[in-house]
Amino acid sequence: MPRRRRPLGARVGTLVRVLVVGLVGGLALAGCAAIPTSGPVSTGAPVPPPERGLRFQPVSPPDGAAPLDVVRGFLLAASGVEDDHAFARAYLVPQAARSWRPGAGITVMVDGSAQATLEQGGAVLAEDARPAPDEPVTATVSYEVAARVDANGRLTVAAPGTRDEVGYRLEQTSGQWRIADLPDGLVVDEAGFDLAFTPHQLYWVDATGGYLVPETRWFAERRAIATSIVTELLRGPSPWLAPAVSTGFPPGTALTRPPAVPVVGGEARVDLTRAALDAGSQERALMQAQLQATLRPVPAVATVRVTVEGGEFVLPDSLPALVRDPGAESVAVAASPDGLVEARGGTVRPVEDLPVTEGLTLTDPARSTAAYAALDADRTRLLYLVPGTAEPEELLTGTDLLAPSIDPHGWVWTTPRVSTGLLPVARPGGEVVEVSAPWLSGRRVSSLRVARDGARVLLATVDPSGAHRVELASVERTGDGRPLSVTRASGASLDPTLVAVSEVAWTGEASAAVLGRRAGEDADRVYLADPLGAPTEPLVPLPEDVPVVSLAAGSTPRAVVIGSADGRLWQRAGAQWVPVPADVPLSDPAFAG
């Protein structure tokens with residue numbers, strides 16, 4: 001069975017091994033206003049941060065350490081993020097310690113993949129050689145890359161087998177080997193990254209002014225984390241997301257110097273520059289909502305106080321009615337030979353009072369709070385079904401249409417599986433718009449799901465070279481919710497370790513389930529990406545004789561339903577899958593969205 005990359009989640013066993021081995025010198029580089037944080041801004045309860053009971057305590061370089069031991073110690077100490085990486089800087093000569101910028105970005109190396117060589121005077125030295133003390137040496141560390149994080153906290157998973165190397169020039173100072181020249185940024189292994197960095201959501205406002213839209217960024221887990229988070233919030237959304245969202249902060253708004261968001265007695269104190277005074281009442285309300293939602297998960301933050309250059313900043317008396325993480329009702333719709341059914345828990349029953357569809361076989365249903373959409377058996381007609389009406393409404397026609405997705409503004413999304421770069425999107429009453437997505441032209445689209453805030457879309461595609469991708473994109477809209485264009489996030493697939501992807505589904509505001517497989521696997525299985533941008537983690541597979549063919553997900557990673565080729569639906573029960581009792585074959589499950 002091929003080695004799978006482990007997700008960037010808690011790996012306590014590995015962590016303990018790295019700490020113990022590293023500390024004894026055996027890390028094998030050579031082969032080893034007060035804003036309340038409760039209120040109407042959100043309809044969903046905040047998710048508490050994960051327990052992080054283990055802490056990394058770096059050590060200073062020991063006297064007489066050999067050059068490779070200095071490099072080993074530096075790489076280990078790089079996971080100690082407090083006090084501006086003070087312990088890591090102790091492995092550098094004074095000038096390098098002052099000029100090194102660890103915040104320039106992070107390269108995460110696969111555990112155990114690092115190899116090091118040492119050179120002096122153009123000759124490669126044996127590992128146990130003692131370099132001449134009066135001449136610099138160069139240590140080159142080569143490793144497999146797990147992921148990269150840019151200076152703004154955006155994580156990108158690396159393709160399997162991606163390798164990189166970094167060089168360190170060392171020289172003796174006061175009789176001790178120290179690093180004199182090194183690139184900016186951090187190189188840490190997966191265990192160190194897991195321990196020292198955590199994902200947080202920055203929140204923006206969608207075009208309709210009704211939803212808070214998250215973007216995942218990764219930050220060092222330290223006392224100054226609130227400062228890092230607010231700094232990035234003030235800088236604005238990533239370019240791919242910018243067309244879909246807005247921010248209440250006027251251009252030029254920043255933290256006053258020196259930038260800091262201290263948390264005192266549970267109160268996060270945000271002191272802004274005078275540019276914030278340009279915000280009107282509505283913008284100040286949005287600022288309030290964004291800060292509240294963004295800082296809510298930070299440990300020890302109970303309230304947020306905003307000032308401008310130390311002075312009072314007048315905020316609205318109440319929060320705007322913005323929805324964060326709208327979620328989905330815990331009812332899945334599915335197709336049966338007799339029409340549409342709903343599955344809730346372990347019960348399946350027909351959808352009542354639907355329009356008459358005599359002579360039609362419905363497939364690939366979608367649901368909203370008040371209506372359903374589905375395709376006909378030939379996948380050439382997109383139909384809209386409202387309970388209590390006489391007949392379904394034909395929204396549009398096409399060839400080999402994709403399973404539909406209904407956004408919160410009532411628009412129904414689909415596309416021919418081979419995209420022309422325009423996505424046909426319709427709503428009841430005969431209105432159809434072609435949403436611009438030129439980057440999709442010529443690709444085969446396997447799955448498309450609009451986020452329940454309507455500002456983002458998740459897609460599974462196959463490019464002309466045959467490469468499967470899981471892609472995240474933003475949805476630009478007018479103020480009344482009409483979709484205009486779709487802009488994808490930069491980079492390759494959200495998880496390039498997947499060599500085949502057939503379906504995607506949102507499991508929360510910033511997490512997803514993916515139906516696909518990795519190299520060497522014989523059948524599709526369900527993977528979870530939580531949060532989006534981190535490597536996916538496989539769920540327990542169904543028995544080998546039950547192939548998975550479809551996927552649906554509700555509001556949490558626990559609410560995943562899959563369809564098998566034998567006409568059964570399966571739901572999660574702890575760590576297992578159990579079939580949903582039904583008297584007829586069922587297929588194509590879907591939750592709202």
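**Stop 1: the second largest pocket**

Select helix 6 to begin, because helix 6 gives 6 residues to the lining of the second largest pocket, the largest share. Keep in mind that this is a predicted model. The volume of this pocket is about 760 Å³. Its lining has 31 residues, and the closest to the centre are Gly103, Ala151, Arg222, Ser228 and Glu232. Show those five as sticks. Then colour the elements that supply two or more lining residues: helix 3, strand 2 (105-109), strand 5, strand 11 and helix 6.

**Stop 2: the sheet under helix 6**

Stay with helix 6, residues 225-235. What does it lie across? Strand 10 and strand 11 (211-220), at about 35 degrees to strand 10. Now add helix 7, residues 281-295. Helix 7 packs on the sheet and touches strand 10, strand 11 and strand 17. The direction of helix 7 makes about 160 degrees with that of strand 10.

Next, select the sheet itself. It is open, has 4 strands in the order 12-10-11-17, and its pairing is mixed. Strand 12 and strand 17 (323-324) are the edges; each has a single partner strand, so one side of each has no neighbour in the sheet. Zoom in on strand 10 (residues 197-206) and strand 12, which pair in the antiparallel sense over 2 bridges. Label Asp206, which stands opposite Val245 in strand 12.

**Stop 3: two cis prolines**

Go on along the chain from strand 12 (245-246) to strand 13 (263-264); the loop between them holds Pro258. Select Arg257 with Pro258: the peptide bond that joins them is cis, with omega about -10 degrees.

Then jump to the loop between strand 35 (525-529) and strand 36 (537-538), where Pro531 is found. Asp530 and Pro531 are also joined by a cis peptide bond, and here omega is about 0 degrees.

**Stop 4: the largest nonpolar core**

Which residues touch the most other members of the largest nonpolar core? Select Phe74, Val141, Tyr168, Leu170 and Phe193. The core has 50 residues. Strand 5 (residues 137-150) gives the most to it, with 8. As a rule, nonpolar side chains in soluble globular proteins tend to be buried together.

Centre the view on Phe74. Beyond its neighbours within four places in sequence, Phe74 is in contact with Ala88, Tyr91, Leu92, Trp100, Tyr168, Ile179 and Leu182. Another core lies apart from this one. That other core has 48 residues, including Val213, Val298, Val504 and Ala529.

Now show helix 2, residues 67-77. Helix 2 is mostly covered, with 10 of its 11 residues buried. Phe74 is one of the buried residues there, and so are Arg72 and Gly73.

**Stop 5: the hairpin of strands 7 and 8**

Select strand 7 and strand 8. They pair in the antiparallel sense over 5 bridges. Leu170 stands opposite Ile179 in strand 8. Both names have come up before: Leu170 among the best-connected core residues, and Ile179 among the contacts of Phe74. Strand 8 is mostly covered, with 5 of its 6 residues buried.

Move to the turn. The hairpin has 2 residues between the strands, and Ser174 takes a positive phi near 55 degrees there. Ser174 is not a glycine. The loop it sits in runs between strand 7 (163-173) and strand 8 (176-181). Is Ser174 buried or exposed? Exposed, with a relative accessible area of 76%.

**Stop 6: a second positive phi**

Select Asp83. It is not a glycine either, yet its phi is positive, about 55 degrees. Where is Asp83 found? In helix 3, residues 82-89. Asp83 counts as exposed because its relative accessibility is 55%, and exposed means over 50%.

**Last stop: Ala559**

Finish in the loop between strand 37 (548-553) and strand 38 (560-564), where Ala559 lies. Ala559 is partly exposed, at a relative accessible area of 27%. Select the residues it touches, leaving out those up to four places away in sequence: Ala552, Ala553, Gly554 and Phe591. Then draw a line between the C-alpha atoms of Ala559 and Pro543. The two residues are 16 residues apart along the chain, and those atoms are separated by 20 Å.

Methods. Residues are numbered from 1 along each chain as its sequence is written. This is a predicted model: local features need pLDDT of at least 70, side-chain atom pairs count only at pLDDT 80 or more; totals for chains, interfaces and linings use all residues. Side-chain values use heavy atoms; hydrogens and water are left out. A nonpolar core is a set of buried Ala, Val, Leu, Ile, Met, Phe, Trp, Tyr and Cys residues joined through side-chain atoms within 4.5 Å. Buried means under 20% relative accessible area, exposed over 50%, partly exposed in between (1.4 Å probe, protein chains only). Contact means heavy atoms within 4.5 Å. Two strands pair if DSSP finds at least two bridges between them. Axes are lines fitted to C-alpha atoms, for helices over the stretch in contact, and angles run from 0 to 180 degrees between N-to-C directions. On a 1 Å grid over the protein atoms alone, a cavity is a set of points where a 1.4 Å probe fits but cannot get out, and a pocket is an open set with protein on both sides within 12 Å along at least five of seven lines; lining residues have an atom within 4 Å of a point. Grid points are joined across faces, edges and corners, and a volume is the space filled by probe spheres set on the points.
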